[in-house]
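User: I am a first-year student, and I would like to learn how terms are assigned to a protein model. Please go through the reasons for each label.

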Amino acid sequence: MRVPVIGAGSVGRSIARELIHNNHDVLLIDRDASAEATARVAAASWIIGDACELSVLADADLESYDHVVCASGDDKVNLVVSFLAKTEFAVNRTVARVNNPRNEWLFTDAWGVDVAVSTPRLMTALVEEAVAVGDVVRLFDFQQGGVHMVELTMPDSSPYVGRRVGDVPLPSDTSLIAILRDGRALMPLPDEQLEVNDEAIFICPPEAEAELAS
């Protein structure tokens with residue numbers, strides 16, 4: 001997969017290195033990137049320029065990419081690039097970093113954002129996930145389709161512990177996509193039995209969260 005990453009700060013570089021480690025081709029775009037910064041991710045291609053400029057995105061052949069990651073430390077940049085990627089270059093999927101929680105409401109499909117990743121919210125979710133058993137913790141918002149990714153750690157009081165995945169009734173429009181157990185990610189096959197402290201990952205609409213927690 002070929003992925004352009006907008007913003008070559010510490011977050012953008014970390015994302016780029018991880019993608020490269022997973023054998024993806026990465027293009028980093030940053031107007032302030034220094035020679036030292038480019039040397040830190042030498043395996044990536046680089047464009048030194050303002051990603052908010054149409055000409056820079058055109059030079060990057062943005063229309064040839066299916067995904068764009070907007071990871072700059074400026075919410076305005078991430079919104080503008082997401083919008084341009086969708087409206088001018090017909091990019092299929094955009095992932096945008098939210099730096100200020102007050103701006104989360106802007107990161108919707110109206111601005112071309114498919115997946116909004118709020119660093120403060122994610123950190124909060126991880127803290128809650130570490131201490132909350134039996135509570136539904138929202139991990140991500142998917143703007144397309146208006147659904148969320150949520151996590152539920154199975155308490156010993158859950159009526160579903162010991163039951164087959166295929167026998168567990170799920171709310172409408174809800175899918176169990178993974179089970180995390182003992183450091184492993186398991187496919188939720190119908191015959192897989194749920195165990196205490198399993199972390200179940202769901203995709204669901206907002207109205208299903210309360211039902212999952214009940």
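Analyst: The turns below take one label at a time and set it against its definition. This is a predicted model, in which local features need pLDDT of at least 70 and side-chain atom pairs count only at pLDDT 80 or more, while totals for chains, interfaces and linings use all residues. Residues are numbered from 1 along each chain as its sequence is written, and side-chain values use heavy atoms, with hydrogens and water left out.

User: What makes the pair lysine 86 and aspartate 114 a salt bridge?

Analyst: A salt bridge is a side-chain nitrogen of Lys or Arg within 4 Å of a carboxyl oxygen of Asp or Glu. For lysine 86 and aspartate 114 the N to O distance is 2.9 Å, so the pair meets the definition. The search of the whole structure finds 10 salt bridges.

User: Why is this pair said to tie together parts that are apart in sequence?

Analyst: Helices (H or I, at least four residues) and strands (E, at least two) are DSSP runs, numbered from the N terminus. Lysine 86 lies in helix H4 (residues 75–87), and aspartate 114 is in the loop between strand E5 (93–98) and strand E6 (115–118), so the pair ties together parts 28 residues apart in sequence.

User: Is aspartate 114 buried or exposed?

Analyst: Buried means under 20% relative accessible area, exposed means over 50%, and partly exposed is in between (1.4 Å probe, protein chains only). Aspartate 114 has 2% relative accessibility, so it counts as buried. Lysine 86 has 22% and therefore counts as partly exposed.

User: Which label does lysine 76 get, buried or exposed?

Analyst: Its relative accessible area is 61%, so lysine 76 is exposed. Lysine 76 forms a salt bridge with aspartate 74, the closest N and O atoms being 3.4 Å apart. Aspartate 74, at 29%, is therefore partly exposed.

User: What makes a set of residues a nonpolar core?

Analyst: The set must consist of buried Ala, Val, Leu, Ile, Met, Phe, Trp, Tyr and Cys residues joined through side-chain atoms within 4.5 Å. The largest such core here has 23 residues, of which Ile6, Ile29, Leu57, Leu62, Val68 and Phe107 touch the most other members. Helix H4 gives the largest share, four residues. A second, separate core of 14 residues includes Val150, Cys204, Ala208 and Leu212. In soluble globular proteins, nonpolar side chains tend to be buried together.

User: How do you know that strands E7 and E8 pair?

Analyst: Two strands pair if DSSP finds at least two bridges between them. Six bridges join strand E7 (residues 136–142) to E8, and the two run antiparallel; the bridge partner of valine 136 in E8 is leucine 152. E8 also pairs with E11 in the antiparallel sense over six bridges. Strand E8 (residues 147–153) is mostly covered, with six of its seven residues buried.

User: Why does aspartate 30 have no salt bridge?

Analyst: Lys and Arg count as positive and Asp and Glu as negative; His and the chain ends are not counted. The nearest side chain of opposite charge, arginine 31, is 6.3 Å from the buried aspartate 30. The limit for a salt bridge is 4 Å, so the label does not apply.

User: What does the side chain of aspartate 30 reach?

Analyst: A polar contact is a pair of N or O atoms within 3.5 Å; within protein, one must be able to donate a hydrogen and the other to accept it, and residues adjacent in sequence count only if both atoms are side-chain atoms. The side chain of aspartate 30 reaches the backbone nitrogen of alanine 8 at 2.7 Å and that of aspartate 32 at 2.7 Å. Both distances lie within 3.5 Å, so these are polar contacts.
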